[in-house]
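Please keep the model open in your viewer and follow the stops below in order, making each selection before reading on.

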2 protein chains.
Amino acid sequence: MATPRARPRRATIFDVAAEANVSRGTVSRMLNGEPYVSDSAREAIEKAIAKVGYVRNMAARNLATQRSKAIALIVHEPHSVFLEDPNIGAILLGTNERLSEADYQLVCLIIGSDRDSTRIAEYLRGGFVDGAVIVSAREHDPIADAITHIGLPAVFVGHPESAPDMPYVGIDNRGAARDITRELLATGRKRVGMIAAALDRDSGSERLAGFRDAMGDDFDERLVVDFPLYSRTSGVEGMKTLLERADDIDGVFAASDAVAAGAMDVLRESGRSVPGDVGIVGFDDSDWALRCQPQLSTVRQPADLLGREAASMVLELVNGVTPETPGRILPTEIKLRGSA
Amino acid sequence: MATPRARPRRATIFDVAAEANVSRGTVSRMLNGEPYVSDSAREAIEKAIAKVGYVRNMAARNLATQRSKAIALIVHEPHSVFLEDPNIGAILLGTNERLSEADYQLVCLIIGSDRDSTRIAEYLRGGFVDGAVIVSAREHDPIADAITHIGLPAVFVGHPESAPDMPYVGIDNRGAARDITRELLATGRKRVGMIAAALDRDSGSERLAGFRDAMGDDFDERLVVDFPLYSRTSGVEGMKTLLERADDIDGVFAASDAVAAGAMDVLRESGRSVPGDVGIVGFDDSDWALRCQPQLSTVRQPADLLGREAASMVLELVNGVTPETPGRILPTEIKLRGSA
DNA sequence: CGTTTTTCTGTGAGCGTGCACAGAACGTGG
DNA sequence: CCACGTTCTGTGCACGCTCACAGAAAAACG
């Protein structure tokens with residue numbers, strides 16, 4: 001394994017210049033795709049680069065240009081949710097893909113405990129990244145506050161009320177929740193409840209608002225329960241509570257597919273059939289929806305596109321383009337399957 | 001939103017030095033926790049740092065020290081698997097956690113298509129990262145080859161035969177597969193098959209080998225099917241094929257929980273009961289295992305610890321410590337639930 | 001063929017830090 | 001009070017690159 005520190009000195013721009021019989025300036029220009037490089041020089045440099053095996057030293061470049069060519073993806077979720085919620089993974093992939101195309105790097109900052117919060121804030125001020133995509137920010141999220149304070153270009157996935165002026169990309173949670181609830185009602189349900197989740201986030205509170213919209217005068221506060229997380233466990237606990245409160249309940253809107261899956265398991269155990277006795281609808285159109293028996297009627301949200309779009313917006317901000325609109329709303333789609 | 005490029009000049013070590021009436025050298029020493037800094041200087045510097053709001057410029061530091069304080073996590077999987085396979089998320093979290101503790105950053109490199117492969121290799125030679133953790137490397141993976149060639153400190157999660165000398169952390173796939181298969185056999189099954197997956201990876205081929213070990217003379221090649229991915233779809237297709245080949249099959253070892261879940265769905269649709277008519281066991285002990293009806297008997301593998309351990313090993317390598325053992329094997333555990 | 005414009009090239013300075021070296025301040029023992 | 005070791009501090013240089021500027025070469029024009 002040789003001596004560990006023994007990696008040979010890497011070739012620099014000087015070596016290339018010497019090999020190609022030109023100056024560093026010319027090499028630099030060529031590398032950055034600037035005009036005014038003669039064909040002969042270009043050719044010689046290309047050969048020299050191949051010969052000495054040159055690759056750019058990014059630290060040096062970053063220092064000189066004062067940018068890092070990296071964007072942070074900030075995920076503020078407990079680890080369990082990070083694993084369970086497929087949206088986060090999809091957003092990550094979408095963001096990563098878009099950034100790769102622009103030759104930027106994705107740096108993952110996963111905030112599990114609040115203890116991490118200050119460390120991350122520190123990091124963001126360190127010039128490691130040129131911008132940030134913030135996923136699943138809570139209202140009054142300390143990280144979000146820190147970022148607006150630092151003035152780092154950032155885009156939210158979702159639209160927290162506590163950061164109204166920040167650029168964001170999201171979906172119409174309220175409208176979609178209203179629509180899917182109406183679909184549920186259209187199957188003739190009389191006693192409809194909701195298992196809400198994550199009310200400290202815009203997605204959670206908006207979905208509840210949409211449910212309320214759809215229910216109108218039939219809205220019954222006692223048929224709404226809420227939990228901190230979009231998790232299967234929330235669905236299990238929520239459904240149990242709802243059944244205790246109203247055993248004649250015949251419709252449930254779950255704040256996410258994972259929640260719905262948990263609820264369905266409880267219904268099955270209690271001897272109720274879906275959709276016969278109880279109709280149930282979810283939100284996300286994630287893996288969970290297809291794994292349920294019967295498959296879940298839900299709202300499809302384009303999580304990967306949210307990531308892509310957020311990445312695009314950050315890149316614009318970083319390059320000094322002020323976006324024409326403060327936020328972008330991506331379309332959702334109702335997916336009717338067997339569960340309601 | 002002011003002018004985009006107008007972020008004020010950041011305070012440097014010079015500003016701190018001036019403010020504290022000492023020289024940059026002293027500030028630098030203090031920052032790096034070196035000895036020989038007087039208490040009075042230390043105090044003055046601390047105050048100055050707070051006053052001018054100084055944070056280290058990492059680009060400069062990286063340039064001077066020739067290290068980046070970042071480690072790459074290389075995931076070579078199609079996007080669908082990245083989302084579906086909970087192991088990857090868990091490894092990511094474990095790695096991230098350990099690196100954070102050591103003040104290193106995680107840079108995610110997700111290779112979806114082979115097109116990315118060369119780009120990533122280029123990146124790794126660019127000095128962006130001091131080391132790498134490689135997840136789910138195939139045999140003769142081009143990235144793995146590139147890394148060994150570059151001489152970048154790297155640790156594999158898993159142990160591809162094509163990179164026998166690289167440090168790795170893994171589990172005893174073969175032994176665990178053998179044990180779980182024996183559990184299945186112990187329930188009195190006579191016609192037992194396997195839905196294998198990812199035979200181009202050590203985990204996949206080892207699990208098949210373990211199955212073979214357990215079956216001994218009863219091993220029947222026709223009762224083994226294999227698919228490229230550890231996915232639910234593989235389980236669905238695999239189970240269909242197995243039923244066609246032998247409709248009296250009464251036991252199945254699925255190469256992962258996701259595969260098992262797909263297989264169970266097919267069994268249910270075909271009117272067979274689990275574990276009554278067919279016993280089924282999986283591998284991973286992921287979310288999937290608990291979501292099945294009945295819950296899945298499987299092998300628990302400590303994915304988060306694999307990530308942690310890999311991170312620890314990379315950090316050692318980066319700091320010039322040659323690990324006493326080339327690889328570390330973490331223990332697995334049989335989890336018996338209702339499915340067999 | 002001289003002059004202006006355009007294209008191309010080389011050079012110096014600077015980005016913010018770590019590190020090695022030289023030297024200052026401080027105590028200690030003779 | 002001098003010599004000496006220890007603790008502490010300041011300075012120059014290097015890291016590898018980009019950028020602005022000035023000057024050379026080539027092209028265009030009258």
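Begin by selecting DNA strand C together with the 26 residues around it, of which Ser23(A), Gly25(A), Thr12(B), Ile13(B) and Ala64(B) come nearest; a residue is taken as near a molecule or strand if its C-beta atom, placed from the backbone, lies within 6 Å of it. The model is a predicted one, in which local features need pLDDT of at least 70 and side-chain atom pairs count only at pLDDT 80 or more, while totals for chains, interfaces and linings use all residues. Residues are numbered from 1 along each chain as its sequence is written, and chains are lettered from A and ligands numbered from 1 in the order in which they are written.

Now colour the helices around strand C. Helix H2 (24–31) and helix H4 (58–65) of chain A, together with helix H2 (24–31) and helix H4 (58–65) of chain B, each supply at least two residues of the surface near this strand, and the largest share, 5 residues, comes from H4(B). Element names refer to DSSP runs numbered from the N terminus, with helices (H or I) of at least four residues and strands (E) of at least two. By class, the surface near DNA strand C divides into 11 nonpolar, 10 polar and 5 charged residues, where Ala, Val, Leu, Ile, Met, Phe, Trp, Tyr, Cys and Pro count as nonpolar, Asp, Glu, Lys and Arg as charged, and the others, Gly among them, as polar.

Switch the selection to DNA strand D, which 26 residues surround, the closest being Thr12(A), Ile13(A), Ala64(A), Ser23(B) and Gly25(B). Two or more residues of the surface near strand D come from each of H2 and H4 of chain A and H2 and H4 of chain B. For strand D, the largest share, 5 residues, comes from H4(A), and the classes of this surface are 11 nonpolar, 10 polar and 5 charged.

Next, hide the DNA and display the boundary between the protein chains, where 39 residues of chain A are in contact with 40 residues of chain B; contact requires that the C-beta atoms of two residues, placed from the backbone, lie within 7 Å. On the side of chain A that touches chain B, at least two residues each are supplied by H4, helix H5 (79–84), helix H6 (86–101), strand E2 (105–111) and helix H13 (287–291), and H6(A) gives the most, with 6 residues. That side of chain A divides into 18 nonpolar, 13 polar and 8 charged residues.

Now select helix H1 (residues 13–20) of chain A and H2(A), whose axes come within 8 Å and cross at roughly 105°; the axes are lines fitted to C-alpha atoms, for helices over the stretch in contact, and angles run from 0 to 180 degrees between N-to-C directions. H1(A) is therefore roughly perpendicular to H2(A), the word covering angles of 65 to 115 degrees. To see the contact, show Ile13(A), Phe14(A), Val16(A) and Ala17(A) on H1(A), and Arg24(A), Val27(A) and Ser28(A) on H2(A).

Move on to helix H11 (residues 232–245) of chain A, whose 14 residues should span 20 Å at 1.5 Å a residue, in agreement with the 20 Å between its end C-alpha atoms; the expected span is 1.5 Å times one less than the number of residues. Its buried residues are Arg232(A), Ser234(A), Gly235(A), Val236(A), Gly238(A), Met239(A) and Leu242(A), where buried means that 20 or more other C-beta atoms lie within 10 Å of a residue's own, exposed that 12 or fewer do, and partly exposed in between, with C-beta atoms placed from the backbone. They pack against several elements of chain A, including H5 and helix H12 (257–269).

Finally, visit some loops. Pro294(A), in the loop between H13 and strand E10 (298–300) of chain A, follows a cis peptide bond from Gln293(A), with omega near -5°. Gln66(A), in the loop between H4 and strand E1 (70–76) of chain A, has a positive phi of about 65° although it is not a glycine, and counts as partly exposed with 14 C-beta neighbours inside 10 Å. In chain B, select Ala163(B), which lies in the loop between strand E4 (154–157) and strand E5 (168–171) and is buried, with 22 C-beta neighbours inside 10 Å.

Methods:
Parallel < 35°, antiparallel > 145°, perpendicular 65-115°, else oblique.
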